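Here are a few quick notes to go with the model. Have it open while you read them.

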Amino acid sequence: MFGKKKKEPPFVTAIIPAAGASSRMGGGNKLLMELDGVPVLGRTLLALEACDIIREIIVAASEDNIVTYADLGAALGITKLTKVVKGGATRQESVWKAALEASPQAAYLAVHDGARPLVTPEV
């Protein structure tokens, strides 16, 4: 009304640092362990997919899991998952490497640990 444009929400890229070794778990990849029939990382991806403000998702993975995580996203129909990149030796380095791959349109970066699958889209 009266020529006012509806303000478009900012472009937000979600980064999931998921390149860790799960060493505190005593081995095995905790991100691929199932939680009520869905891998932990899959639940995190589904929550971010359902969040309206998130426009793209980038996962930083160990080299051994790049294809596995990309396949998981595809199997779950995660359309916002644009890249799975090789992470770094530390969580900070993984976040940095993923941030460098974010869309130039990204106004904000949201970082969420892949092993925290109970996040809601509202959070």
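Which residues of α1 are buried? I'll start there and then move out to the whole chain. Keep in mind that this is a predicted model.

1. The buried residues of α1 are V40, L41, G42, T44, L45, A47, L48 and E49. That makes eight of the 11 residues in the helix, which spans 40–50, so "mostly covered" is a fair label for α1.

2. As for what sits over them, the cover on the buried residues of α1 includes strands β1 (12–18), β2 (34–35), β3 (38–39) and β4 (54–61). Helix α2 (66–75) is also among the elements covering them.

3. Stepping back to the fold, you get three helices and six strands in the chain. Their order along the sequence is β-β-β-α-β-α-β-α-β. The radius of gyration is 15 Å, close to the 14 Å that the globule rule gives for 123 residues, so the chain is as compact as a globular protein of that length.

4. For overall dimensions, a box of roughly 60 × 30 × 20 Å along the principal axes holds the C-alpha atoms of the chain.

5. On packing, 44% of the 123 residues in the chain are buried. Among contacts in the chain with a separation of 6 or more, 73% come from residues 24 or more positions apart.

6. Last, the surface. About 7600 Å² of the chain is exposed, with carbon and sulfur atoms supplying 56% of that area. The chain has 14 positive and 13 negative charges, and the mean positions of the two sets lie 9 Å apart.

How values were computed. Residues are numbered from 1 along each chain as its sequence is written. This is a predicted model: local features need pLDDT of at least 70, side-chain atom pairs count only at pLDDT 80 or more; totals for chains, interfaces and linings use all residues. Side-chain values use heavy atoms; hydrogens and water are left out. Helices (H or I, at least four residues) and strands (E, at least two) are DSSP runs, numbered from the N terminus. The radius of gyration is taken over C-alpha atoms; the globule rule is 2.2 Å times the number of residues to the power 0.38. Buried means under 20% relative accessible area, exposed over 50%, partly exposed in between (1.4 Å probe, protein chains only). Contact means heavy atoms within 4.5 Å. Accessible areas come from the Shrake-Rupley method with a 1.4 Å probe; for residues, only the protein chains shown count as cover. Lys and Arg count as positive and Asp and Glu as negative; His and the chain ends are not counted. The place of a charge is taken as NZ of Lys, CZ of Arg, CG of Asp or CD of Glu.
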